[in-house]
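Good morning, and thank you for coming. I should like to walk you through one protein chain, from its general layout down to a few individual residues. Please look at the sequence and the structure as they appear.

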Amino acid sequence: MSKEKYASEKDLNKDQTKAEEKKSDTKANTTDKSKKPETSKKLETELAELKEEQKELEDKYLRSQAEMQNMQNRYNNERAQLIKYESQSLAKDILPAMDNLERALETKVDDEASRQLKKGVQMTLDALVKAMKDHGISEIDAEKAQFDPNLHQAVQTVAAESDGQKDHVVQVLQKGYLYKDRTLRPAMVVVAQ
């Protein structure tokens with residue numbers, strides 16, 4: 001075989017190989033083109049699913065943020081209430097002592113020593129009342145007031161002498177007290193019916 005013949009056969013083989021490659025490329029392109037709409041639809045549905053999932057996650061995130069904010073607000077409100085009413089239990093414990101001092105002042109005294117003792121009891125009671133007022137504790141004015149179940153505790157009823165006296169307090173048996181805007185202890189009263 002001559003060199004020329006060998007070279008031309010080689011060129012012919014190359015041309016055939018190139019032609020076969022073109023055919024396979026054309027087939028691949030045809031196959032790719034037919035696969036392209038399927039792949040595109042698949043990607044679009046995946047994208048839609050991912051967008052929906054992203055919306056759900058964003059919604060969950062926003063809800064959890066709102067819940068955390070609500071919890072923080074509740075905590076702050078409860079803390080403010082605790083601070084505002086921190087001495088309520090102490091005041092409740094002091095009220096019986098004040099009642100006893102008031103009862104001691106109601107006794108009649110005859111001699112000078114008893115008067116001096118009564119004066120000391122009065123000074124002690126006055127100091128307690130002032131301290132209570134300074135801390136927001138005030139007496140409920142119940143005498144002849146309209147009966148209010150939030151402020152008064154009716155322990156007895158009596159017949160009303162007039163229509164204007166109905167549902168009004170006739171007698172206070174035990175003083176009631178308010179602590180800021182709360183009823184610390186309702187007044188024990190007799191109500192006209």
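I shall begin with the chain as a whole, then turn to its pocket, its cores and some single residues.

Please keep in mind that this is a predicted model. What elements does the protein chain contain? It has three helices and six strands. Followed from the N terminus, their order is α-α-α-β-β-β-β-β-β.

How much of the chain is buried? Of the 193 residues in the protein chain, 15% are buried. The surface that the protein chain exposes comes to about 15400 Å², and 52% of this is supplied by carbon and sulfur atoms. Let us also consider how the contacts are spread along the sequence. Among contacts in the protein chain with a separation of 6 or more, 64% join residues that are 24 or more positions apart.

I turn now to the largest pocket. The space in it is about 270 Å³. Its lining consists of 13 residues, and those nearest the centre are Glu 102, Val 172, Leu 173, Gln 174 and Lys 175. Which elements supply at least two residues each to this lining? They are helix H2, residues 88-106, and strand E3, residues 169-174. Helix H2 provides the largest share, namely four residues. Sorted by class, the lining holds eight charged residues, four nonpolar ones and one polar one.

Helix H2 also brings us to Asp 99, which is found in this helix. Is Asp 99 buried or exposed? Its relative accessibility is 7%, and because buried means under 20%, Asp 99 counts as buried. Beyond residues up to four places away in sequence, Asp 99 touches Gln 174 and Arg 185. Gln 174, you may recall, is one of the residues nearest the centre of the largest pocket.

Next, the nonpolar cores. The largest nonpolar core has 13 residues, and the most contacts inside it belong to Leu 95, Met 98, Met 132, Ile 137, Tyr 177 and Leu 184. Two or more residues of this core come from each of H2, helix H3 (112-134) and strand E4 (177-179). The element that gives the most is H2, with five residues. As an example from this core, consider Ile 137. When its neighbours within four places in sequence are set aside, Ile 137 is in contact with Ala 91, Met 132, Tyr 177, Leu 178, Tyr 179 and Leu 184.

Apart from this core lies another one, of five residues, including Ala 142, Val 169, Val 189 and Val 191. Let us examine Val 191 more closely. Where is Val 191 found? It is in strand E6, residues 187-192. With a relative accessible area of 2%, Val 191 is buried. Not counting residues up to four places away in sequence, Val 191 touches Phe 147, Ala 154, Gln 156, Thr 157, Val 158, Asp 167, His 168 and Val 170. Two of these partners illustrate how positions separated in sequence can be compared in space. Val 191 and Gln 156 are 35 residues apart in sequence, while their C-alpha atoms are 6.4 Å apart. For Val 158 and Val 191 the separation is 33 residues in sequence and 6.3 Å in space, again C-alpha to C-alpha.

Val 158 itself is placed in strand E2. Its relative accessibility is 30%, and Val 158 therefore counts as partly exposed. Leaving aside neighbours within four places in sequence, Val 158 is in contact with Val 170, Val 190, Val 191, Ala 192 and Gln 193.

Finally, I would draw your attention to the backbone at two loop residues. Asp 167, one of the residues that Val 191 touches, lies in the loop between strand E2 (152-158) and E3. What is notable about phi of Asp 167? Its value is near 60 degrees, which is positive although the residue is not glycine. Asp 167 is partly exposed, at 38% relative accessibility. The other residue is Lys 180, in the loop between E4 and strand E5 (182-185). Lys 180 is not a glycine either, yet its phi is positive, at about 55 degrees. Its relative accessible area is 41%, so Lys 180 is partly exposed.

That concludes my presentation, and I thank you for your attention.

Conventions. Residues numbered from 1 in each chain as written. Predicted model: local features only at pLDDT ≥ 70, side-chain atom pairs only at ≥ 80, totals over all residues. Heavy atoms only, no water. Buried < 20%, exposed > 50% of the residue type's maximum accessible area, 1.4 Å probe, protein only. Contact = heavy atoms within 4.5 Å. Areas by Shrake-Rupley, 256 points an atom, 1.4 Å probe, with all protein chains shown as cover. 1 Å grid on protein atoms, 1.4 Å probe; cavity = no way out; pocket = protein on both sides within 12 Å on 5 of 7 lines; lining within 4 Å. Points joined across faces, edges and corners; volume = space filled by probe spheres on them. Nonpolar A, V, L, I, M, F, W, Y, C, P; charged D, E, K, R; others polar. Core = buried A, V, L, I, M, F, W, Y, C linked by side-chain atoms within 4.5 Å.
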